[in-house]
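Here is a short note for a colleague opening this structure for the first time. Please keep the view at hand while reading.

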Amino acid sequence: MTAVREEAGAVDTTTYRDAMRDALRDALRDDERVFLMGEDVGRYGGCFAVSMGLLEEFGPERVRDTPLSESAFVGAGIGAALGGLRPIVEIMTVNFSLLALDQIMNNAATLLHMSGGQFNVPLVIRMTTGAGRQLAAQHSHSLEGWYTHIPGIKVLAPATIDDARGMLRPALDDPDPVLIFEHGSLYNASGPLTGEWRTCDIAHAAVRRPGDDVTLLTYGGTLGVTLDAAEALAQHGIDAEVVDLRVLRPLDDATIIDSVARTHRAVVVDEGWRTLSLAAEVSARIMEQAFWELDAPVERVCSAEVPMPYARHLEQAALPQPAAIVAAARRTVGRDG
Amino acid sequence: MSTVTDAPVTRDHALALLRDMVRVRRFEERCVELYSEARIRGFMHLYIGEEAIATGVMRALTPDDAVVATYREHGHALLRGVAARAVMAEMFGVVEGCSRGRGGSMHLFDAATRFYGGNAIVGGGLPIAIGLALADRLAGRARVTACFFGEGAVAEGEFHECMNLAALWQLPVLFCCENNLYAMGTALSRSESETDVALKATSYEVPAWPVDGMDVLAVESAAARAADAVRNGGGPHFLELRTYRFRAHSMYDPERYRSKDEVEEWKRRDPIALFLARCDGVVDETDMTTIEEDVAAEIDDAIAFADAGSPEPIEDLTRFVYSEGAA
Amino acid sequence: MPSLGADMDAGTVVEWRVHPGDAVHRGDVVAVIDTDKSDIDAEVFEDGVIGELLVGEGEKVPVGTPLATIVAASAAPATPEVTAPPPAAVPDTTPEAPPRRSRARGARGRVVSPVVRRLARARGVDTTALAGTGAGEVVTRHDVEVARPRALRPLVSPRARALAAREAVDAAALHGTGPNGAVIGADVLSARSAVEAVPTAPRPPRGDSMQQRIASLMERANREIPHYWVTRDIDFSRASSWLSAYNATRPPAERCVAAALLLTATARAAAAVAGFNGHYVDGAYRPADSVELGIVVVVREGGLLVPVLHDAATLTVAETMAQMGDVVRRARSGHLRSSEVAQPTISVSNLGDQGADEVLAVIYPPQVALVGFGRVRERPWAEGGLLGVRPVVTASLAGDHRVSDGHQASRLLAAIDDALQHPESLEEVTP
Amino acid sequence: MNPEQAAAAVRAVLASIAPEADLDALGPDAQLQEELDLDSMNFLDLMAGIHERTGIDVPERDYPLVATLAGCISYLCSHAPAA
């Protein structure tokens, strides 16, 4: 159990998991309309231990373990939001969210528009995503791209400790449904918690590493390998700019295009499968809005189009790696990787 | 099956029930004409034959309660208090419609009456209904959420997930299953191993009563008792309202799945005629004429209103994809 | 004809269930309609007597077409006036798929002989894409003759295309430094700034934009390029006498000026000594295959142009004179083709011709060197212990310390000097 | 060839080489290369122009004699080819 940390603005070191838990605790404490609902979020303390201790602190009414009924409890979240509450529904992983896709798409995302503006759905849905932990094909999907296809919802991908700590507040304040994707391999990541999270927004991308020669665009679980690639490129005398998308819908076109207009080259790194991926959308927008600024085709580095294998060496081979990102970046600069 | 003894019906009570049922019946009949004239488009599902259910259940609800219905919803909307004008305008696809012309026959919405709409996904409304009830429970409000669905929904996973969750968390929801024996073209006996829907419901530890859906008084009293129990913390209740639709599933339906005789057989228990017989001596011919004239006037007015409606400006196409003026 | 389904535009009367004169009541089935999907009963919505059947059995009509008239028992017949919206014709606009152009990337063929290179240039054949069949994979004359000419549409990046349009530069003619030799933005920018010139002496004020561009160019040159300068006095007597002899037997139009000798010597020296002929782009020096010699030309109304002699190291002095004369005259008269203002790989400033003894110029990115020649003038000259008077020209080199150093620079000037001591050697193509 | 014809010829050629120059203001004894900023290339064009117009070929050794406008005029008059 982690004691409540005193955030006196001093730079803390914490983990992504603890940052998300503190965010949940603040939300439950500050607004009695907020409650957490999901499989094993209470007694078990959360499949990834994010909600550990919250049941003991806030009680079974506000930290509700649910039966394995994704459609029912996600739909119940929608209904409760319509009923004036501020539910946070945790779907254990994006892989199980497929069972609730009908409620998310046909109800949560659609009600406001279809009702002519009468019924908004102030709901937050959190789910763990991504591969890299040898959980094999059915537990390793990266489907953020699917959800970013749906008008009516917002989609967030906190990749840093500050975003994990800061994004929940604005998401709960948003009158419309917000989906937060937490990459499974980030929970144990530890790092500085600057004060930035207090003014965290859910509208803009962020330049994590400024550069002049090529723009590397990525989000969530692949920010790490992309920053590693940028360091490797620096040895080759190529100064890469790394843009963390942070908000996958609506995409922050301004920041993306501003960067590409400066570097004239772009590589999009996306753990989803290449075909019809989020990377395809980002690439299309760069082609549409920065075509005349390009000195090379936009490159995409995505997961291999295979059901994610269990064996570690196969899984690593399937996932976007720094070497592939470096090669792509070099191609755009005209030095064949 | 709970039916009401033949206790006498007061005049006012009789007139009110008759007016409600006739309003729905004539509204639906007029819609058939309008649809064949292509003034109403898309899909349209009629409630003719089942009017007694909406009439009976709506009278058990208060303005604070909530209603979640399905695509066969004109009757529920009208009797919940959504104006005939707004419903007709919606089917004419004009901005004066209760959903700005964006929903059509299957997606009527009205915040004022907490009418959370038609849902065109079979069983799709159940999770929303238990959610509304969950909010009431957590906020400690003595309110009921009435959730309408057909017997077809019983085959959906969401039915089982929601019955269990509602019972598990003792949520204040009134499940109203309108069992009209056919899910589009599939008879109940050809889709469910156990066809006694009320019996199914009891397996989730939810009080469940079969009700003669053609007897408006039976529906009214059962709904009143159930709603009262739900409102006072008795947990979810389930009504299996046995009924029959006199017309096709929708406007395009050759009805190859049932015989004309069967339809004629059920028409002999037309809920309006059935109730009118009960009101002998309490209600007379002139009352019926008055009701018919009032209803005809209401429908003509609704059509005129819808005809005078204007299409939603194209520039508003993307309005309300997200909330306006949001932070 | 009633609409009996969301996707129904027309229907066929399969069977009439009533006949003229029959009494009908609201809700009666009057006909069976085939909607292409199945047969459905059509009902009537008023009470009355059938008048005339307007559509026969088996006839297909659009939704909304009146099927029969009804003579109401009491009031005038009310046939519902319905105009069904005509089905919108769906224009067939299948986009024609753009032809896919695939381009195999060949191994990089080595070209040695200038004759072969000139042939390849003339035919627009990209020798880098050829696999040489000669000894040591050298690209032979035959290889060039049988090779497909370079893709008609050279690779130009979108950005380069946009910049070229704005700056009136022919991107297609430029030497590309992008992926697969594609012309990219930087190439166009430097080609455009090549046009703006390399001022070496203060000029009278000229049009603002020209001035601003030169100013910004100089800032960039100084900011980016760590310059160093090396000079060498060269005895021009042998060159002078060669010139006199050469011109004595030729009419003015075919005569040669000293500059032609200086250019030819410089081109050959630049080809022989490494570190001066190429570009410095994106933090790395890229030597060029051929010497694209930029000539700094004074433009009458102020400003300078730098047209280019292509593959200058392979030209005889006569060819240099001919090409230089032509391109300089057209530069001055404003008829310079943009291909002639392509990106030089090294430039020569010959301003001395008008009085400066020594010309210390500023290089111009992305080039890495600039050779300047002062006035040919009589100077005291000691040789073999004897003092005499000789025509002398001062050659100077502005170098880029990121790429070359003083030692290499002096070797380059020595090579120029040597060539000028044997002017006759400049009459043939180097072997 | 009389002096007026010679002068006209020289001015015409100079005009094509230095269109912006003010030839009227050109002093008869001013050094053409200095005054009109002519480099060796320009001067060679002047000789070629004169040769083309008048048929007179000024050899290199005589270049000093035609360094000024007056020099040109007198040279042309004295070297006019047979009429």
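The points below go from confidence to sheets, helices, cores and chain contacts.

1. **Confidence.** This is a predicted model. Its scores are ipTM 0.64 and pTM 0.65. Chain D has an average pLDDT of 85, and 96% of its residues reach at least 70. Within chain D, confidence is lowest in helix α2 (residues 32–35), with a mean of 84. Confidence in chain D is highest in helix α4 (residues 69–79), at 89. Where pLDDT is low, the predicted coordinates should not be read in detail.

2. **The sheet of chain A.** Chain A holds an open sheet of seven strands. The order is β3-β2-β4-β5-β7-β6-β12, and the pairing is mixed. β3 (63–65) and β12 (247–249) of chain A are the edge strands, each paired on one side only. From one strand to the next, the twist averages 20°.

3. **One edge of that sheet.** Start at strand β6 (residues 154–156) of chain A. Two bridges join β6(A) to β12(A), and the two strands run antiparallel. Look for Leu156(A): Val247(A) in β12(A) stands opposite. Leu156(A) is also one of the residues that touch the most other members of the largest nonpolar core.

4. **A helix across the sheet.** Helix α1 (residues 16–30) of chain A lies across three strands: β2 (34–38), β4 (86–93) and β7 (178–183) of chain A. The helix runs at about 130° to β2(A).

5. **The sheet of chain B.** Here an open sheet of five strands has parallel pairing, in the order β1-β2-β3-β7-β6. Its edge strands are β1 (66–68) and β6 (208–212) of chain B, each pairing on one side only. Direction ignored, neighbouring strands are turned by 20° against each other on average. Strands β3 (residues 173–179) and β7 (residues 237–242) of chain B run parallel and are joined by six bridges. Asn179(B) has Arg242(B) in β7(B) as its bridge partner.

6. **Helices on the chain B sheet.** α5(B) packs on the sheet and touches β1, β2 (145–150) and β3 of chain B. Its direction makes about 170° with that of β2(B). Helix α8 (residues 216–231) of chain B packs on the sheet too, touching β3, β6 and β7 of chain B. The direction of α8(B) makes about 170° with that of β7(B). Elsewhere in chain B, helix α2 (residues 51–58) is mostly covered: eight of its eight residues are buried. Glu51(B) and Met58(B) are among them.

7. **The cores.** The largest nonpolar core has 216 residues. Leu216(A), Ala329(A), Ile130(B) and Cys147(B) are among those that touch the most other members. Leaving out residues up to four places away in sequence, Ala329(A) touches residues including Val214(A), Leu216(A), Ala229(A) and Val267(A). A second, separate core has 90 residues, including Val257(C) and Leu309(C).

8. **Chain B against chain A.** Each chain gives 36 residues to this contact. On the side of chain B, α5 (125–139) and α6 (157–168) are the elements giving two or more residues. α5(B) gives the most, with 11 residues. By class, the side of chain B has 21 nonpolar, nine polar and six charged residues.

9. **Chain C.** Chain C has nine helices and 17 strands. Of its 431 residues, 41% are buried. Chain C meets chain A through 12 residues from each chain. On the side of chain A, five are nonpolar, three polar and four charged.

Key: Residues numbered from 1 in each chain as written. Chains lettered and ligands numbered in written order. Predicted model: local features only at pLDDT ≥ 70, side-chain atom pairs only at ≥ 80, totals over all residues. Core = buried A, V, L, I, M, F, W, Y, C linked by C-beta atoms within 7 Å. Buried ≥ 20, exposed ≤ 12 C-beta atoms within 10 Å, placed from the backbone. Contact = placed C-beta atoms within 7 Å. Helix = DSSP H or I, 4+ residues; strand = E, 2+ residues; numbered from the N terminus. Nonpolar A, V, L, I, M, F, W, Y, C, P; charged D, E, K, R; others polar. Pairing = 2+ DSSP bridges. Axes fitted to C-alpha atoms, helices over the stretch in contact; angles between N-to-C directions. pLDDT = per-residue confidence, 0-100.
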